[in-house]
Amino acid sequence: MIKERFSEKLKEILSSDDWLILQPEYEPEDNLKYESLFSLSNGYLGIRGSYEEGGKITLPYLYINGVFDKSETFMRELAALPNWLGIKLTIEKELIGIENCQILNFTRVLDMKQALLAKSYILRDKKGRETLVEGIRFVSRANVHRMGIKLYVTPLNYSGIIEVENIIDGTIINFYDAPRFKVKHTYMTANEALDKDGIYMEVATRDNHLHIGSGCRIEAYKNNRGILKNRMFHAFGEQGVEFGDFDAVEGETIEIIKYVSMYTERDAARYALHGLVKDEIDGFLETGFEEELAAHRAVYEEMWKSADIRIAGDFELDRAVRFNIFHLMSTGNERDATVNVGAKLLSGEEYGGHAFWDTEIFMLPFFAYIFPETARNLESYRYHLLEAARKNARKNGYKGAQYPWESADDGTEQCPDWTIEPDGSCYRCYVAVYEHHVSAAVAYGIYNYVKITRDKDFLLNQGMEILTETARFWASRCEYIAEKDRYEINQVTGPDEWHEPVNNNLYTNYLAKWNLRYVITLIDTLKKEHAKEYDRIIRKTGLTDGEIKYWEIVQDKMYLPRKEGTSLLEQFEGYFKLDDVVIEKYDENDWPIRPEALKTKKARQTQIIKQADVVMLLHLMGEEFSEDEISQNYEYYEKRTLHGSSLSPSIYSVMGLKVGDDSKAYRYLKRAAFLDLLNLQKNTREGIHAANTGGVWQTVVFGFAGVSIGEDGMLTVCPHMPKEWEGLDFSLHYLNSWLKITISRDNSVLVKVLDGETLEVKVNGQIIKASRE
Ligand code: BGC
């Protein structure tokens, strides 16, 4: 048991191994990776798993979702905010820290069940003094404005005075270790005592002057008695430090507790921030660390009841799947409809916290089935930014609504036009100019969200408005080619970003056609059955019968490239004429090795692609293609996909099962599930791959468990259990029922209603009645 590595106090708290992610030793080169893996989020804020005492290699970022700033950088990005992790312990000028001392014993674990980070190490300083430092930290989900750290400090072979520095560090800047990109997004407006003691620091973002207040207090206890003496607050420039000391006695454990709170002007008026933070900390002290932790734990217990997946028979994979779910569910926000989930969750700096198509295509299904309120917020986020998407379309010469490739808080395009390469050269980035399929993803997201949640109210009102405007965008984005009597979308980039731009990317054309077709059908239903909503949509969008007629023609004549006379779909016009390079070798992690040919040729000159593109289309629109088309295309494109994006392996896993290639599907699931844990993309330091976390969930639930919704609206479960698994269970919400689905090795399925109504479910082709028994 991993918890055996801790002393009694923590052993009592920590969960069993299936819930623990272990860091068994300290290697400074791994710091940034572990900071991402061990980040904690409560949906409101996220903080990376840096050490309380600091370190040389660290990006100790804390983000509050929705707090963006641009300043000198290329785009609005989540601002790194003052970090409150700091606790430094010193004996006679020797810091008790992992980098200053000899490490005699080291363990850190992420406890996913309770969403807490625990550590234990014995440090020996230069004078031979040994200290056992253990601790836990959490960001409360019961009250998202409370965060706490508790350290257990035991001098093992000495007695003396230990000095404590409790720190809030306002010097943190984004992209700290990338000199060209470094930027400070905030300025300080207050660095003062919280009350009689404690620290209060207030900063504001530089562009919008949005204020953020952070505060903390530290206490030290021996046998529940406060022992911190000589308390003093100091402001050292942009660091707020509270000093104190205590007498430490050999063999006796001191508990140090740090109580923290944060509020921003997104929550309350500027003048109220200091008071709110102070009251919250007073309240936290009154409640007590243990009780607050218990309340937090209770919320997670409920969340896990809905979200956990149990795979019997493959312990490591079971835990890795849980790890992905943990990070995704922790970042979802059920309270705020104006924030999304960024491509790196709230765990790292890459992509600035921006929302991509990753949200709708990869993460939304998880939230729709498991946490529908969060899914509704993700949908509302897009509605809230519809006006900005309309402006974006107009700016680019189109009609309707064009959603930005990268979206932050105001809905303007946040994908930079320029980036700087490591050699200092400037690189014109055309992604936002050509990659338009995000608008189709937003439309598809609405369709899928409503299919799963049956949130008709959203569909008929906000959803319909978005769908109409994205359809309008697509109609204006198409060109009529008279000599071929067809509509084309030219100069466009599909999901595979290594071919940029191309003409007629099949994925984009198909989804544009689908968006138009879907709206035409919906409008017709609205007209016949929902007069009030029909009037509303006409009034809000100015849609005319003539426009609908035109859309009918466009979708009917949309060009969909394919190899004539075969089942092969062509990723884009001319793809099959490119050099036919295929992947032949795989590394020890089963990851494809770049073919030799790419040493002399650019990927765009070849058929090698970055990520699922045609196969993504088959994943989303599978029911519109024949089995033969699906398997022929899977086989063709699989040999040519390098998975240069984390948005790829999970899709190849789900589709591998569709075509009956179970062993490939299993290998892809493993790659996806361990992508961050084993740092397979070599960039986990920049944050957890959010889309992949949702992809892992989809792979297990849609792929191996075979969950889908039939045309008749009936939930269907048709599993393909891998031979390695002895059992699989998970739960989901459908219609008015909360269901527990248990699958055995032989693919037999048990569906039980945990809450709500009895429900008919199609299991392995047979309709059964799921009830509470
Ligand atoms: C992928 C995109 C994805 C983005 C953010 C890129 O590398 O090609 O499909 O949306 O990362 O995750």
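This is a short walk through a predicted model, from its strands to a pocket.

Start with a small sheet. Three strands form an open sheet in the order 2-3-4, and their pairing is antiparallel. Strand 2 (40–41) and strand 4 (62–64) are the edge strands, each paired on one side only. Strand 3 covers residues 45–47 and is joined to strand 4 by three bridges. Within this pairing, G46 faces Y63 of strand 4. In general, strands of a sheet pair through backbone hydrogen bonds, either parallel or antiparallel.

Further along, strand 13 (residues 160–169) takes part in two pairings described here. Strand 7 (residues 87–91) runs antiparallel to strand 13, and four bridges link them. T90 is opposite E163 of strand 13. Strand 13 also runs antiparallel to strand 19 (residues 239–248), this time with 10 bridges. There, I161 sits opposite D247 of strand 19.

Now look at a loop. K127 lies between strand 10 (116–124) and strand 11 (130–139). Is K127 buried or exposed? Exposed counts as over 50% relative accessible area. K127 has 54%, so it is exposed. Its C-alpha atom is 9.8 Å from that of C101, and the two residues are 26 apart in sequence.

Helix 5 comes next, at residues 315–331. Its 17 residues, at 1.5 Å a residue, should span 24 Å. The end C-alpha atoms are 25 Å apart, which agrees with that expectation. Why is helix 5 described as largely enclosed by the rest of the structure? Buried means under 20% relative accessible area. Of the 17 residues in helix 5, 15 are buried, so the helix is largely enclosed.

Residues 322–698 carry an annotation from an unreviewed UniProt entry: "domain: Glycoside hydrolase family 65 central catalytic". Over this stretch the chain is 50% helix and 4% strand. The C-alpha atoms at its two ends are 13 Å apart.

Finish at the second largest pocket. It holds about 1400 Å³ of space. Its lining has 46 residues, and those closest to the centre are E350, Y351, T419, E497 and K610. Which helices and strands each supply at least two lining residues? They include strand 22 (343–346) and strand 23 (418–420), together with helix 6 (357–370) and helix 19 (690–704). By residue class, the lining divides into 23 nonpolar, nine polar and 14 charged residues.

Note on methods:
Residues are numbered from 1 along each chain as its sequence is written. This is a predicted model: local features need pLDDT of at least 70, side-chain atom pairs count only at pLDDT 80 or more; totals for chains, interfaces and linings use all residues. Side-chain values use heavy atoms; hydrogens and water are left out. UniProt positions are given in the numbering used here, feature names are shortened, and annotations may be inferred rather than shown by experiment. Buried means under 20% relative accessible area, exposed over 50%, partly exposed in between (1.4 Å probe, protein chains only). Two strands pair if DSSP finds at least two bridges between them. On a 1 Å grid over the protein atoms alone, a cavity is a set of points where a 1.4 Å probe fits but cannot get out, and a pocket is an open set with protein on both sides within 12 Å along at least five of seven lines; lining residues have an atom within 4 Å of a point. Grid points are joined across faces, edges and corners, and a volume is the space filled by probe spheres set on the points. Ala, Val, Leu, Ile, Met, Phe, Trp, Tyr, Cys and Pro count as nonpolar, Asp, Glu, Lys and Arg as charged, and the others, Gly among them, as polar. The expected span of a helix is 1.5 Å times one less than its number of residues.
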